[in-house]
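Trainee: I would like to learn how to read a protein structure step by step. Could we go through one together, beginning with the words that we shall need?

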Amino acid sequence: MPLVTLRQLLDEAAKGGYGVGAFNVNNMEQIQAIMEAARETKSPVIVQASRGARAYSNDNFLYHLMLAANELYPEIPMVLHLDHGNSFDTCKSAIELGFTSVMMDGSLMADGKTPSTFEYNVDVTRRVVELAHSKGVTVEGEIGTLGGIEDGHGAGGTGLEHVTDPDQAVEFVEKTGLDALAIAIGTSHGAYKFTKKPDGSVLKMDLLIEIHKRLPTTHLVMHGSSSVPKDLQDIINKYGGKLKETWGVPVEEIQLGIKNGVRKINVDTDNRLAITGAIRKVFAETPEKFDPRDYNKPARAAMQKVVAQRMTQFGQAGHASDFQAKSLADYVEFYKNNK
Ligand SMILES: [Zn+2]
């Protein structure tokens, strides 16, 4: 089947009452890990590339690796999504290359750091929606800003400085016509999200539930939603790493979100931890080895394990063959008829 749109995947997820993990990739092994996990659990998948990933691996490598994945795993519906597009032009270039979904993160200015105004965010997101929908491509927007910085992108801080205002969220969705909405409820990018297991004072699930009540048909997106499990931290530190103690978003909170309109869950840090831990273990236990396959293989297997676990926990497992893939052309029609 061709690459599918995020809109189709999330509409199906809403019907089925489950969430779909969106996993970041930079290289072949990460794409392979996700696809193997999808086959193992019979899951539809969202593969996403940030601007940092596109710069690291070059767009053409990423895109053609995705096409290879699509050929090798024909039974798996796949979305290729741009994570945190910083400008109209970045989104446009992804659409032209063949991404079936883009995020326009207008919560920050094009520098990827400075919080923007509401008016700026509406304007840039609306323009991306116009272009994307004319090609059948899905758009995710963001209102409120997350904490932390990753790949040079992010407002920094704790995640509580610019949480989403529900009134603004409603106005934002009406004015932009987007398909999926990322909201800020206290989460951050990177490994250092919380200094203890998060409670309602730092992870605002009540705010998420309120936004879902106000926007019951909008697909919500949770960013910065790695769980940063202690066992993955421990492996890294056992083999010479120096991670400071930290907490992520507990899976049960994500599952509560999924019951309340969350359809896309972004996970990157957990996979990074799994890969690094596996590589450190090989280096520490068998320092005589020097063939990259000797550590890339266990690294890939470790990431596959985490991804398969999340797919099962988010509920997307078993749903790969629920629907017929629609084309971008079908979605061009869809958007014409659903203005
Ligand atoms: Zn994000």
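Mentor: Let us begin with the word "buried", which is used for a residue with under 20% relative accessible area, while "exposed" is kept for over 50% and "partly exposed" for what lies in between. Please keep in mind as we go that this is a predicted model.

Trainee: Which residues of helix 1 are buried?

Mentor: Helix 1 covers residues 6-16, and its buried residues are Leu 6, Arg 7, Gln 8, Leu 9, Leu 10, Glu 12 and Ala 13. After this helix comes Gly 17, which has a positive phi, near 70°.

Trainee: How should I read the chain as a whole, and how many helices and strands does the protein chain have?

Mentor: The protein chain has 13 helices and eight strands. Its radius of gyration is 19 Å, close to the 20 Å that the globule rule gives for 339 residues, so the chain is as compact as a globular protein of that length. Measured out along its principal axes, the C-alpha trace spans about 60 × 45 × 35 Å, and buried residues account for 56% of the 339 residues.

Trainee: What can contacts tell me about residues that are far apart in sequence?

Mentor: A contact means heavy atoms within 4.5 Å. If we take the contacts in the protein chain between residues at least 6 apart in sequence, 77% of them join residues at least 24 apart.

Trainee: Which residues have the most contacts inside the largest nonpolar core?

Mentor: That core has 70 residues, and Ile 34, Val 45 and Leu 181 are those with the most contacts inside it. When residues up to four places away in sequence are not counted, Ile 34 touches Phe 23, Val 25, Val 45, Val 47, Met 303, Val 307 and Met 311. There is also a second, separate core of 15 residues, which includes Val 20, Ala 22, Met 103 and Val 221.

Trainee: Could we follow one buried residue in a helix? Where is Ala 132 found?

Mentor: Ala 132 is found in helix 6, which runs over residues 118-134, and with a relative accessible area of 0% it is buried, because that value is under 20%. Leaving out residues up to four places away in sequence, Ala 132 touches Ile 95, Val 137 and Val 139. The C-alpha atoms of Ala 132 and Cys 91 are separated by 8.4 Å, although these residues are 41 residues apart along the chain.

Trainee: Is Leu 256 buried or partly exposed?

Mentor: Leu 256, which is found in helix 10 (residues 251-258), is partly exposed, with a relative accessible area of 32%. From C-alpha to C-alpha, Leu 256 and Thr 100 are 28 Å apart in space, and they are 156 residues apart in sequence.

Trainee: You spoke of a positive phi in a glycine; which other residues should I look at for this feature?

Mentor: Two examples are Asn 58, with phi near 75°, and Val 228, with phi near 45°, and each is a positive value in a residue other than glycine. Asn 58 lies in the loop between helix 3 (51-57) and helix 4 (59-72), and at 39% relative accessibility it counts as partly exposed. Val 228, by contrast, is in the loop between strand 7 (219-222) and helix 9 (230-238), and at 3% relative accessibility it counts as buried.

How values were computed. Residues are numbered from 1 along each chain as its sequence is written. This is a predicted model: local features need pLDDT of at least 70, side-chain atom pairs count only at pLDDT 80 or more; totals for chains, interfaces and linings use all residues. Side-chain values use heavy atoms; hydrogens and water are left out. Helices (H or I, at least four residues) and strands (E, at least two) are DSSP runs, numbered from the N terminus. The radius of gyration is taken over C-alpha atoms; the globule rule is 2.2 Å times the number of residues to the power 0.38. Buried means under 20% relative accessible area, exposed over 50%, partly exposed in between (1.4 Å probe, protein chains only). A nonpolar core is a set of buried Ala, Val, Leu, Ile, Met, Phe, Trp, Tyr and Cys residues joined through side-chain atoms within 4.5 Å.
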